[in-house]
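Colleague: Could you take a close look at one strand for me and walk me through what surrounds it? I'd like the local picture before we get to the rest.

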Amino acid sequence: MQNIYNEKEHLKANEISRRKMLAALGIATGSAIVAPLAGNAAIYTSPQPNNNFSLNGKAAIVTGAARGIGRAIAVALADAGADIMGIDIAAPASTETTYTPATKKDLDDTAKLVQAKQRRFIGVVADIRDMNAMNNAAAKAIKEFGKIDILIANAAIQTYMPVAQMNQKQWTDVIDVNINGTFNSVRAVVNQMITQKSGRIIMISSGQGRHGFKEASSYSASKWAIIGFMKSLALELAEDNITVNTVEPGLVDTPLTRNAGRWNLALKDAGEPPQDNPKEEDVIAARLKTQSVQKIPWMQPEDVAPAVVFLCTDAAYRVTGATYDATAGDSAKYTA
Ligand SMILES: NC(=O)c1ccc[n+]([C@@H]2O[C@H](COP(=O)([O-])OP(=O)(O)OC[C@H]3O[C@@H](n4cnc5c(N)ncnc54)[C@H](O)[C@@H]3O)[C@@H](O)[C@H]2O)c1
């Protein structure tokens with residue numbers, strides 16, 4: 001029987017159509033090189049990856065920079081060479097949160113840590129829910145830095161309550177800050193990045209945006225939403241040389257989690273009874289029982305920051321639309 005599939009003919013036809021396709025796409029648009037075909041040589045190669053992990057000369061905006069993960073990211077970005085605008089509400093963001101709010105002094109302390117790295121820090125007290133305030137902050141960054149290379153949309157809040165007992169604000173405040181505030185943060189900088197034809201946007205989601213979480217459904221829903229927003233935005237901005245990714249921390253020791261509400265969830269998770277004032281050693285034991293991949297009870301903010309820094313570098317130019325887990329191994333238990 002005659003072989004109806006002729007591999008040589010097929011490859012030749014493919015080669016011609018690839019050449020036609022590249023010519024039709026006008027692919028030498030600055031980001032790719034069309035090399036002459038010789039034998040099986042590649043006709044498309046990417047620009048040489050430059051392994052540039054420095055952020056020297058870059059300008060970054062970090063929301064929620066007064067403390068916790070936002071502060072650690074601001075300091076790590078400065079350590080890699082970036083100047084920083086740190087935005088924070090520096091006040092209670094909701095009547096429904098049960099942990100201590102950040103203060104202006106916290107933001108000033110972040111300023112000192114960034115300045116100790118010999119980098120500029122501009123502190124802005126603003127609520128990410130306020131679109132005008134975010135536009136003003138972006139305008140100030142452009143005036144002071146001349147550009148915006150990086151946005152870290154980090155600010156967020158969390159409430160704890162079973163849905164059956166949840167009041168309206170325990171749902172809407174979390175959704176408003178975590179989703180609408182993240183949108184506002186992006187919206188304020190995105191046109192500048194499009195004009196520049198470059199940018200890095202990293203949104204801080206959560207392990208709880210990758211799986212359900214009992215008694216914290218508004219937070220989980222908001223963090224899941226951030227991933228959908230990130231992926232859609234990555235599609236919209238790819239041709240403008242802007243990458244968009246999320247980082248999902250596991251449990252990190254910050255004021256958001258070092259409180260009776262969150263610690264009691266950890267105790268319950270391990271089948272332990274809740275306590276009025278949970279003892280740290282009991283919570284550590286409970287965590288080690290349930291989250292024992294790297295055998296630590298929780299991470300430090302500085303453990304998360306390097307993953308964020310990497311995504312901001314030139315070297316990360318082919319990483320976009322990605323969820324990037326920094327969970328001390330919890331993510332090994334997710335399905336994908
Ligand atoms: N701590 C964790 O275990 C953990 C885990 C996964 C993800 N995260 C995420 O990491 C990010 C930082 O969390 P954290 O643990 O450092 O919390 P945190 O409460 O210590 O810090 C959050 C900062 O955001 C600020 N903020 C809150 N609402 C704001 C608003 N409306 N406008 C401006 N600023 C506002 C706060 O004032 C605070 O300084 C959040 O997105 C959080 O969801 C935290």
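**A strand and its surroundings**

Modeller: Sure, let's take β7. Gly199, Ile201 and Met203 point one way from this strand, while Arg200, Ile202 and Ile204 point the other way, and all of them are buried. That split fits the usual pattern: in a regular strand the side chains alternate between the two faces of the sheet. Keep in mind that this is a predicted model. Counting along β7, which spans residues 199–204, 6 of its 6 residues are buried, so to speak a mostly covered strand by the definition of burial used here.

Now for the neighbours. On one hand there's β6, residues 150–153, which runs parallel to β7 and is joined to it by 4 bridges. One pairing to look for is Ala153, whose bridge partner in β7 is Met203. To get from β6 to β7 the chain goes through α5, and this β-α-β crossover is right-handed.

Then there's β8, residues 242–249, also parallel to β7, with 6 bridges between the two. Here you can start from Gly199, whose bridge partner in β8 is Ile242. The connection is again a β-α-β unit: β7, helix α6 (residues 217–237) and β8 make a right-handed one.

The helix α5 is worth following a little further, as it leads to the ligand. Both α5 (168–196) and α2 (68–79) supply at least two residues each of the shell around the ligand, and the largest share, 3 residues, comes from α2. In total 30 residues surround the ligand, with Gly64, Gly68, Ala102, Ala156 and Thr254 the closest. By class, that shell has 17 nonpolar, 9 polar and 4 charged residues.

From α2 you can also step into the largest nonpolar core. This core has 85 residues, and those touching the most other members are Ile61, Ile73, Leu77, Ile84 and Val308. Take Leu77: beyond its neighbours within four places in sequence, Leu77 is in contact with Leu55, Ala60, Ala82, Ile84, Ile150, Val309 and Cys312. As a general background, nonpolar side chains tend to be buried together in soluble globular proteins.

Zooming out, the protein chain has 9 helices and 9 strands. Of its 336 residues, 43% count as buried. And among contacts with a separation of 6 or more, 68% are between residues 24 or more positions apart.

Notes:
Residues are numbered from 1 along each chain as its sequence is written. This is a predicted model: local features need pLDDT of at least 70, side-chain atom pairs count only at pLDDT 80 or more; totals for chains, interfaces and linings use all residues. A residue is near a molecule or strand if its C-beta atom, placed from the backbone, lies within 6 Å of it. Ala, Val, Leu, Ile, Met, Phe, Trp, Tyr, Cys and Pro count as nonpolar, Asp, Glu, Lys and Arg as charged, and the others, Gly among them, as polar. A residue is buried if 20 or more other C-beta atoms lie within 10 Å of its own, exposed if 12 or fewer, and partly exposed in between; C-beta atoms are placed from the backbone. Two strands pair if DSSP finds at least two bridges between them. A crossover is right-handed if, with the strands pointing away from the viewer, the path from the first strand over the helix to the second runs clockwise. A nonpolar core is a set of buried Ala, Val, Leu, Ile, Met, Phe, Trp, Tyr and Cys residues joined through C-beta atoms within 7 Å. Two residues are in contact if their C-beta atoms, placed from the backbone, lie within 7 Å.
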